[in-house]
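Student: Could we go through this model term by term, setting each value against the rule behind it?

Tutor: Yes, let us begin with the place where the two parts of the chain meet.

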Amino acid sequence: MTALSPVLLQATPVTVDHGEGCYLYDTDGRRYLDFTAGIGVTSTGHCHPRVVEAAQAQVAKLVHGQYTTVMHRPLLDLTEKLGEVLPEGLDSLFFANSGSEAVEAALRLARQSTGRPNIIVFHGGFHGRTVAAATMTTSGTRFSAGFSPLMGGVHVAPFPTAFRYGWSEEQATDFALRELDYILATLTSPAETAAFVVEPVLGEGGYVPATAGFLRGLRERADRHGILLVLDEIQTGFGRTGKFFGHQHFGIRPDIITIAKGLASGFPLSGIAAPAELMARAWPGSQGGTYGGNAVACAAALATLEVIEKEGLVENAALRGRELLDGVRARATSGIGDVRGLGLMVGAEFTTAAGEPDTAAATEARRLAVEKGMLLLACGAHMNVVRMIPALVATAEQIREGLDIWEAVLAEL
């Protein structure tokens, strides 16, 4: 008898039958408030009627049109539509399937276009599980352990994680930028550094927003040294943070962004965006893939963008995110050392009385939440941060429902 790999770890014991909006229903008919959104993927909620309709219609016309062999209308239309929402100047797109592929495409473009070998990433970042992306990932050793040697040319600089350092955001920002300058002086010369790659909000690293001073410092150094600034918007893009892209909170300009997750409401689709002049510096034949830009995924993405626009989901994420963040902070107990987030990305970090990571409490909180009808995930190096990622369609009533369940969980803990 065949079975799934025994090393696949399940965050919840739920077997889903169907989903609708912010709810999942198990095979026994029990309803769960889903504050995982497929790890931030189902941006328009489960089975949004417009997305379902678009995907169903496309399946009947063309499922797979390999886009280096033939071109198809959904891909062309999506490329044009993304031009309405992408940051100014990022007018050239390459599509793939997963976030890891997008990160590796950005890495390849950065190295080929600059002729420089090295990359600087930031401590706590998550960029994927494939070899290059895992090398760039420092949110936990579970993503890179056991298959060394990893890729060379990657250097790690501090991220301004104020809570972990026990500093103010200003102190953490100053420290991170000073250490970055030291790395450029001691580990990788600016002349050999192709790119800085950073998340606007650490995802797997614990839901830690960057600071404006930090990202502006990266932009200034990138401009000074001819280094590319790559923003990993895979989890923070498409309205998740209350802006269309996470970096827009900080007033900076990226050279390349990576996109995935919320782009297609659950269909596998990812990509990178860059200025056409920069993208043209990629080596011929270096971009491609069998399934990238799948016709059904592109149709779903087009519908997703229409729903985000017509239903005001970016604005909704900002409003509901503030309610969620304020509500989690107001309910924080002594076992929660920090609550932070941006938009509908909220994390509660569990700590012991001595201030150490409390993984056991975070795990128990998620178990109790399932018992009470809500699904949650963990993140952080010690998996002691409980993260809340509702779909962008979440209503004020659903946020209150989630907060009520969370309050009951903390009371039982």
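**Terms and values at the domain interface**

Tutor: Across the interface of domain 1 and domain 2 the rule finds one salt bridge. This is a predicted model, in which local features need pLDDT of at least 70 and side-chain atom pairs count only at pLDDT 80 or more, while totals for chains, interfaces and linings use all residues. Residues are numbered from 1 along each chain as its sequence is written, and side-chain values use heavy atoms, with hydrogens and water left out.

Student: What makes the contact of glutamate 204 and arginine 387 a salt bridge?

Tutor: A salt bridge requires a side-chain nitrogen of Lys or Arg within 4 Å of a carboxyl oxygen of Asp or Glu. The side chains of glutamate 204 and arginine 387 meet at 2.8 Å, N to O, so the pair satisfies that rule.

Student: How many residue pairs are in polar contact across the interface of domain 1 and domain 2?

Tutor: There are 15 such pairs, both residues being at pLDDT 80 or more. A polar contact is a pair of N or O atoms within 3.5 Å, where within protein one must be able to donate a hydrogen and the other to accept it, and residues adjacent in sequence count only if both atoms are side-chain atoms.

Student: Where do the domain bounds come from, and which residues belong to each domain?

Tutor: The bounds come from an automatic or database domain assignment, which gives domain 1 as 16-48 + 312-411 and domain 2 as 51-310. The contact (heavy atoms within 4.5 Å) takes 37 residues from domain 1 and 33 residues from domain 2.

Student: How much area is buried between domain 1 and domain 2?

Tutor: Buried area is the accessible area (1.4 Å probe) that two parts lose on being put together, summed over both; here the value is about 2800 Å², with carbon and sulfur atoms giving 62%. In domain 1, Val314, Leu342 and Met345 lose the most area to domain 2, together 25% of what that side buries.

Student: Why is the pair of phenylalanine 122 and phenylalanine 214 called edge-to-face?

Tutor: Rings of Phe, Tyr and Trp (its six-membered ring) pair if their centres lie within 6.5 Å, and planes under 30 degrees apart count as stacked, over 60 as edge-to-face and the rest as tilted. The structure holds 11 aromatic pairs; in this one the centres are 5.4 Å apart and the planes stand at 85°, so the pair is edge-to-face.
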